[in-house]
Amino acid sequence: MSFRYGLLALLSEAPRHGYQLKTDFEDRTGGSWAINIGQVYTTLQRLERDGLVEEADSDGDRHDYRITAAGREQLTDWFAAPVVPEGPPRDELTIKVLLAVAANDVDVTDILQRQRTASIEQLQAYTRRKAQAHPEKDMAFLLMLDALIFRTEAEIRWLDASEARIRHLARTKEGDNR
Amino acid sequence: MTAVVELQGVTRSFGKGHTEVVALQPIDLDVGAGEFVAIMGPSGSGKTTLLSLVGGLDRPTGGRVVVVGTDVGALDGRGLALLRRRTVGYVFQDLNLLPGLTAIENVSLPLELDGRPLRQARAAAAEVLAAVGLADFADRFPDDLSGGEQQRVAIARALVGDRKILLADEPTGALDSITGESVMRLLRRHCDDGGTVILVTHDAAHAAWADRVVFLRDGRIVDETRASGRAA
């Protein structure tokens, strides 16, 4: 995702200057996405070039930016468009398990269990942070933790399903050999 | 940490000879005071059997189950009943609330069975109901409560009488994730206050509230999470 929509979203509420945009964006995204100030300015320049933001009345040497009608339109389109995942999964875990299943001398169940333990430990760490968060003040942080938790949970469900499939196949083969 | 639940070489099998089914291989497990342990594993891995042994609902075929220093396998029926009324609370998957009794009557029942005077039992039940956030629901019948509220009543009933060890078997099965989470927060708080919880679940997000997650497969412990950074 491009950071430009982050800036447009903030500017759609009120004009802001560069440093404000950096800190507000980081707050909104629950601290999950750190931005350096240089990135903010290059993005603002590009948005200005494309006519999506413009400089508001300047107060001394501080430059406030505001969103234009074209910028608002692009932001509305972005919010309205669903996010479509890109292509088939190519993460290391999926590939590792697929290769392990095909390999002869690898204990896949063992690999799955080691991964399951590690994923649950990760889940415990997220949950501890969730337990300490304030339900109202830390809303963005909680939503982000939920996203991480559900993603990790999905990974664990996939591990469980993979193990069930492998065991089922092993039993079927055993039955055939009898 | 003092162990309040100890499983020493515990086995459980059903049937004999060539029809024998081994539900639990020799299991060793210690659970401490103030500890929250989750037990995970595929169906048929022995999770529920293990929990029933700790709760005195079943007896081991071999080995010893020791709860707060008492060998559960050596207790007679009366001893087991006392264990369940005074030491160990059990939350079942289907809750087992009595539909003809109000929330407070359900919760005070274990104390009444234990011979406490009615007024005293009701006062204690009201206190525990308030602690689980149900002070205003004491006179409702289970059918007039939501799934999450019924869950809380079942937990209150398991804790009343100052029972420190709570055993829960998939207590959040039918709940949506936010309601399920509030039940987990209750269990977490019980442990942070010095109580002990053993939770059987297939739900990783719920297990993650525990200090330690133990993985069971084919009746044996195959792995567990490292004890890391427990919220003190």
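Select helix H3 (residues 103-113) and helix H5 (residues 147-159) of chain B in this predicted model. Their axes come within 7 Å and cross at roughly 25 degrees. Angles under 35 degrees count as roughly parallel, so H3(B) and H5(B) are roughly parallel to each other. The crossing is right-handed. To see what makes the contact, show the side chains of Ala103(B), Asn106(B), Val107(B) and Pro110(B) on H3(B), then those of Val153(B), Ala156(B) and Arg157(B) on H5(B). Of the residues in this contact, five are nonpolar, one is polar and one is charged.

**Chain B: the two domains**

Next, colour chain B by domain. Domain 1 is built from three stretches, 1-11, 24-87 and 165-232, while domain 2 covers 98-163. Between the C-alpha centres of these two domains of chain B there are 23 Å. Where they meet, 14 residues of domain 1 are in contact with 12 residues of domain 2. On the domain 1 side, select helix H2 (77-86), E7 and H6 of chain B, the elements that each give two or more residues. Which of them gives the most to this side? H6(B) does, with five residues. The domain 1 side of the contact in chain B holds seven nonpolar, five polar and two charged residues.

**Chain B: the six-stranded sheet**

Keep H6(B) on screen and add strands E6, E7, E8, E3, E9 and E10 of chain B. In the order E6-E7-E8-E3-E9-E10, these six strands form an open sheet with mixed pairing. Go to the edges, where strand E6 (88-91) and strand E10 (220-224) of chain B each have a single partner strand, so one side of each has no neighbour in the sheet. Neighbouring strands in this sheet are turned against each other by 20 degrees on average, with direction ignored.

At one of those edges, strand E9 (residues 212-217) of chain B pairs with E10(B) in the antiparallel sense over four bridges. Select Leu216(B) to find a residue pair here: Leu216(B) stands opposite Ile221(B) in E10(B).

Now return to helix H6 (residues 177-192) of chain B, which packs on this sheet. H6(B) touches strand E3 (36-40), strand E7 (165-169) and strand E8 (196-200) of chain B. The direction of H6(B) makes about 145 degrees with that of E8(B).

**Chain B: the four-stranded sheet**

Hide the six-stranded sheet and select strands E2, E1, E4 and E5 of chain B. They form an open sheet in the order E2-E1-E4-E5, and the pairing is antiparallel. Strand E2 (21-32) and strand E5 (70-71) of chain B are at the edges with a single partner strand each, so one side of each is left without a neighbour in the sheet.

For a strand pair within this sheet, pick strand E1 (residues 3-14) and strand E4 (residues 62-67) of chain B, which run antiparallel and are joined by five bridges. Centre the view on Val5(B), which stands opposite Val67(B) in E4(B).

**Between the chains**

Show both chains and look at their contact, which takes 14 residues from chain A and 16 residues from chain B. On chain A, select helix H6 (108-132) and helix H7 (139-177), each of which supplies at least two residues of the side that touches chain B. The largest share of that side, 10 residues, comes from H6(A). By residue class, the side of chain A that touches chain B has six nonpolar, four polar and four charged residues.

**Chain A: the two domains**

Colour chain A by its domain assignment, with domain 1 at 4-80 and domain 2 at 92-177. The centres of these domains of chain A, taken over C-alpha atoms, are separated by 38 Å. Six residues of domain 1 of chain A are in contact with four residues of domain 2 of chain A. What is the make-up of the domain 1 side, nonpolar, polar or charged? In chain A that side has no nonpolar, four polar and two charged residues.

**Chain A: a helix pair**

For the last stop, select helix H1 (residues 4-11) and helix H4 (residues 69-80) of chain A, whose axes are 10 Å apart and which pack at an angle of about 115 degrees. That makes H1(A) roughly perpendicular to H4(A), and their crossing is left-handed. Display Tyr5(A), Leu8(A) and Ala9(A) of H1(A) together with Gly71(A), Gln74(A), Leu75(A) and Trp78(A) of H4(A), the residues that make the contact. Five of the residues in this contact are nonpolar and two are polar, with no charged residue.

Conventions
Residues are numbered from 1 along each chain as its sequence is written. Chains are lettered from A and ligands numbered from 1 in the order in which they are written. This is a predicted model: local features need pLDDT of at least 70, side-chain atom pairs count only at pLDDT 80 or more; totals for chains, interfaces and linings use all residues. Axes are lines fitted to C-alpha atoms, for helices over the stretch in contact, and angles run from 0 to 180 degrees between N-to-C directions. Angles under 35 degrees count as roughly parallel, over 145 as roughly antiparallel, 65 to 115 as roughly perpendicular and the rest as oblique. A crossing is left-handed if the near helix is turned anticlockwise from the far one by less than a right angle, and right-handed if clockwise. Two residues are in contact if their C-beta atoms, placed from the backbone, lie within 7 Å. Ala, Val, Leu, Ile, Met, Phe, Trp, Tyr, Cys and Pro count as nonpolar, Asp, Glu, Lys and Arg as charged, and the others, Gly among them, as polar. Domain bounds come from an automatic or database domain assignment. Two strands pair if DSSP finds at least two bridges between them.
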